[in-house]
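Hi there,

Here is the structure I promised to pass on to you. Have a look at it first, and then read my notes on the ligand site below.

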Amino acid sequence: MNKANLSVFASGLGSNLLAIHNASMDKCFPGKLQLVICNKICPAFELAKSLNYETKLISNLNIEKFEIVVHQELIKKKIDLICLAGFMRILSPKFVSKWKNKILNIHPSILPLFPGLNTHKKILFNGIKIHGSTVHIVNEKLDSGKILGQFAIPVKHDDIVFLRDNIKKYENMFYPEVIRKYIWTFIFKKDNFTSNKLRNNKEIIFSY
Ligand code: GRF
């Protein structure tokens, strides 16, 4: 089966990286993870190495130089799609336009609510009873690109760690599915994508 070459950019714990890795182990998944980019030493970096991925740690360059090096690596590996997964560096408009429609991000809020940092804190501070995440195409403006999918869950506990971990649990199911759909629909341009993995239930709504 023809597969799209994927690169994951990560700076954090790596749960979404692991989820993409796990999904890609399925022979029907239309993407193959070829390159992991990290901008600091972090659990995601260690995870990528332990999974034997080609992993680049690029930590001490300004954004312009960082992007030149990253661009070359992406070209070398013939990357078709970049998946940001907790990547804590803002990419420049120049880089984003070079990779137009080829960068996805997962953001832990129901955009356009709460772009930027500290989303879980803002949810709890405002007493909001529904929270979720969004997968979107990255454009020149932070957390503002076309929305590809969202899920929503009820907020039942006033506990930020519980909320963050609960959101991640669903992100880890959701992000690979949206990537799968995006590859089929926008890279392979086939309309035979069938969504059968995620079922809405009484408390969680997945829409993609
Ligand atoms: C996720 O919650 C994602 O939405 C946000 O950063 C977090 C990364 O988590 N962009 P992990 O490193 O994938 O565990």
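The ligand is surrounded by Gly-12, Leu-13, Gly-14, Ser-15, Asn-16, Gly-86, Ile-106, His-107, Pro-108, Lys-168 and Glu-171 (each with a heavy atom within 4 Å of it). By class, this shell holds three nonpolar, six polar and two charged residues, with Gly counted as polar.

A word on the source: this is a predicted model, in which local features need pLDDT of at least 70 and side-chain atom pairs count only at pLDDT 80 or more, while totals for chains, interfaces and linings use all residues. Residues are numbered from 1 along each chain as its sequence is written, and side-chain values use heavy atoms, leaving out hydrogens and water.

Now the polar contacts (pairs of N or O atoms within 3.5 Å). Ligand oxygen atoms lie 2.6 Å from a polar side-chain atom of Ser-15, 2.7 Å from one of Lys-168 and 3.0 Å from a polar backbone atom of Leu-13. On its own the ligand has 370 Å² of accessible area, and the protein covers 87% of that (Shrake-Rupley method, 1.4 Å probe).

Where does the ligand sit? It is in the largest pocket, with more than half of its atoms within 2 Å of the pocket's grid points. Helix H1 (15-24), strand S5 (103-107) and helix H6 (160-187) each give two or more residues to the shell around the ligand (helices are DSSP runs of at least four residues, strands of at least two).

Happy browsing!

Technical notes
Polar contact = N/O pair within 3.5 Å; in protein donor to acceptor, adjacent residues only side chain to side chain. 1 Å grid on protein atoms, 1.4 Å probe; cavity = no way out; pocket = protein on both sides within 12 Å on 5 of 7 lines; lining within 4 Å.
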